[in-house]
Structures are given as C-alpha cells and as structure tokens.
Amino acid sequence: MSTTGTRWGSVATVMVAAPWLAEMSWGGIPFAEVLLVIAFLGPMYGGAALLIRELARRTGRGWPTVLLLAVAFGVFQAGVVDQSLFNPAYGRYDFQHPLHVEIIDISLYYLLAFVSGHVVMSITMPIVLAEAWSRHPTAPWLTRRGLVVVAALYVLATAVNHVGVKDEDGGGFQASPLQAGTALLTVGLLVVAACAWPRRTTTATRVPPRPVLAALGFLAYLFYLPGESAAAFASGIVVVTGTCLAVGRWSRAAGWTDDHVFWLALGALLTGAVLPYWAEPYDVGVSGAREALDDTVAALVCVTGAGLTLWRRRSGQRLRAGP
C-alpha cells in the first residue's frame, strides 16, 4: 500500500500529541515548557509512533502489531536510550525498587510502569487521536521521502536524548553489556513477534457498548498502578492482563471497529482530568500555587482535546457516510 503524498497534518498531530501525553498530560512538566518539550521529544516519541503506525498500515496488520512494537519501543527507550530502567541514581529517583532483580539490577515495578506508559501514552494514544482527526485514518501517511525524514528525525532526537540524559539526570551512568544486551534482545524478539502475529478469524462475540469501553479505558489506566509497592505491581499485572484478554477477545468480534478502539482510548485520555492532581511533578521545588496552575492547565487541555476529538470523529463519520 502506498500514499500519494505525506499527510503532514497527521504527522504534526502525532509529533505534538506524543510528547504532550507522555510527559505533560499528567502534570509532570510545567506548561510554560510545552514548546521545548515538543521540540525535544516530539521527533523521538512522535517519530517512533509514526514509524510503528506506518509499518502496521503498509503491511495490512492491526493493533496487536502496533502494541507489540510499542512495547519494544518502551523497552528500547527506558533500557537503551535514557537507561532509566538500570540507573541506580537517575536524578532524584530510585528506579531500582520496589521488586529489585539483582542479576540485572532492575525493578519489575518500574519495568511495568515505564513500558506501559510508553505503550499507552507515547505510541497508541497519539496514533488513535491523530487518526480521529485525519481524513485518511486507515491509509499510510508517509511517502518514501516522508519515511526517510521521520526516521532521520527519530534517530537524531534519540541520539540527542541519550547523550543529554546521560550527562544530566543520568549522572554519566552507562548500562552494562548484560543490561543493554538483554534490552536489545527483548526488543528484537518483540519486533519478530509483532511481524509474525497471526491474523485471526472473526467470532460472534458480543462487543460492549462504547461508553463501557470508555469507562474501562479510564478506570484501567487510572488505577492499574495504585502506589509504588509489590502489591501495586501485582494489581498492575492483573489489570493489564485482564484488559488485554478482554479487549483481545472483543477485537476478534465481527462487530469490532476502529470506533471501539477510539472509545477505549478516549477513556484513557480522560484520566488527564485527574492524574495531574495526583501525580508529583518532576520539579518538587515548584510552589504549590504554580503546581496547581500547571495541573489545571494540563487537565483543561486533556478534557478540551477529548471533547474536540470526539466532535471531529463524529463529524468525519457523518461525512464519510454521506447523505
């Protein structure tokens, strides 16, 4: 499958949405730094999302391929690029506990937190939202030249991020050959699994109403890691596994469409109305008033974005349906 021209509007949407959702929608970074965040992280997070989507769309594959490649990206980003998975002194954080695994110096809790965050907010959500705004939601968006440009931006941004984080928050840390090798092997296996994922026949399974899917997306993402503990990790495994099994079963139904995917993602997006008030910002020295303002702006952006995207999707569906 090919495209007659790069859909730069959709490309820009992903490049903006990916860093916003991953780093700002939960109130982690002040809104005043939004342009810097988009410029620095947009080509990396957004570039990865675009390349993953392009591979899936050009090969006629679906969301299982996108999700497996998103997991691969999460492992690569946290294990190889910024190496926060392995660094015992990453800024002011202790990402080695809880559930520390000594043989490779990693926390199972943060492995789940980092990778799942990238899967949902860095990759999947930007794709779903951009497709809701696109007039060509199921077609490739990049020409060959566009692919080269996006890939080059991704590589450049990733290299800058690796060096910048290593010198600043990373404190000069370098993952051991065992750690980096394990991460790269895992990435390779996930890519192979994504490309080899079988196409399954449809079933007569009943699909839940769209509001139920939105509620599932909201509650699953909001509560899947209720704290930083072994118990929270166990809860997260149960929620992630249960959600994947349920959605996987529904997605094989004859009545399952991209609209159901959208409503599931819409629910996850709306967690941005709550998470900023729960989560601690990266800069703990910020004043209470400033934090409250940034949290409110982040919440308003998420709620407004959700409302506008829902309106856009419904408008696009009416246009495609015709008179």
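In the predicted model, the buried residues of helix α9 are D259, H260, V261, F262, W263, L264, A265, L266, G267, A268 and L269. Because 11 of its 12 residues are buried, α9 is largely enclosed by the rest of the structure. The helix comprises residues 258-269, and its end C-alpha atoms lie 16 Å apart; this agrees with the 16 Å that 12 residues should span at 1.5 Å a residue.

Within α9, A265 has a relative accessible area of 8% and is therefore classed as buried. When neighbours within four places in sequence are set aside, A265 is in contact with M125 and V128. A further spatial relation links A265 to A215: the two are separated by 50 residues in sequence, whereas their C-alpha atoms are 9.9 Å apart.

Another residue of α9, L264, is touched by V247, which also touches L216 and W256, residues up to four places away in sequence not being counted. V247 belongs to helix α8, formed by residues 230-251. Its relative accessible area is 15%, and since the threshold for burial is under 20%, V247 is buried. V247 and L216 stand 31 residues apart in sequence, with a C-alpha to C-alpha distance of 9.9 Å.

Burial also characterises helix α3, which spans residues 63-81 and is mostly covered, 15 of its 19 residues being buried. Just after α3, Q83 adopts a positive phi of about 60°. Two residues of the α3 range, F76 and V81, are touched by T158, as is M44, again without counting residues up to four places away in sequence. T158 is located in helix α5, and with a relative accessible area of 10% this residue is buried.

A search of the whole structure for cavities of 30 Å³ or more returned one. The largest cavity has a volume of about 40 Å³. Its lining consists of V81, D82, Q83, N87, H162, V165, K166, G170 and F173. V81, listed in this lining, is also a contact of T158, and Q83, likewise a lining residue, is the position with the positive phi just after α3. Helix α5, residues 144-167, supplies the largest share of the lining, namely three residues. In terms of residue class, the lining contains three nonpolar, four polar and two charged residues.

The cysteines were examined separately. With a disulfide requiring two cysteine sulfur atoms within 2.5 Å, the count is zero. C195 takes part in no disulfide, the nearest cysteine sulfur being that of C244 at 19 Å. The accessibility of the cysteines was also evaluated. C195 has 34% relative accessibility and so counts as partly exposed, whereas C302, at 2%, counts as buried.

Technical notes
Residues numbered from 1 in each chain as written. Predicted model: local features only at pLDDT ≥ 70, side-chain atom pairs only at ≥ 80, totals over all residues. Heavy atoms only, no water. Buried < 20%, exposed > 50% of the residue type's maximum accessible area, 1.4 Å probe, protein only. Helix = DSSP H or I, 4+ residues; strand = E, 2+ residues; numbered from the N terminus. Expected span 1.5 Å × (residues − 1). 1 Å grid on protein atoms, 1.4 Å probe; cavity = no way out; pocket = protein on both sides within 12 Å on 5 of 7 lines; lining within 4 Å. Points joined across faces, edges and corners; volume = space filled by probe spheres on them. Nonpolar A, V, L, I, M, F, W, Y, C, P; charged D, E, K, R; others polar. Contact = heavy atoms within 4.5 Å.
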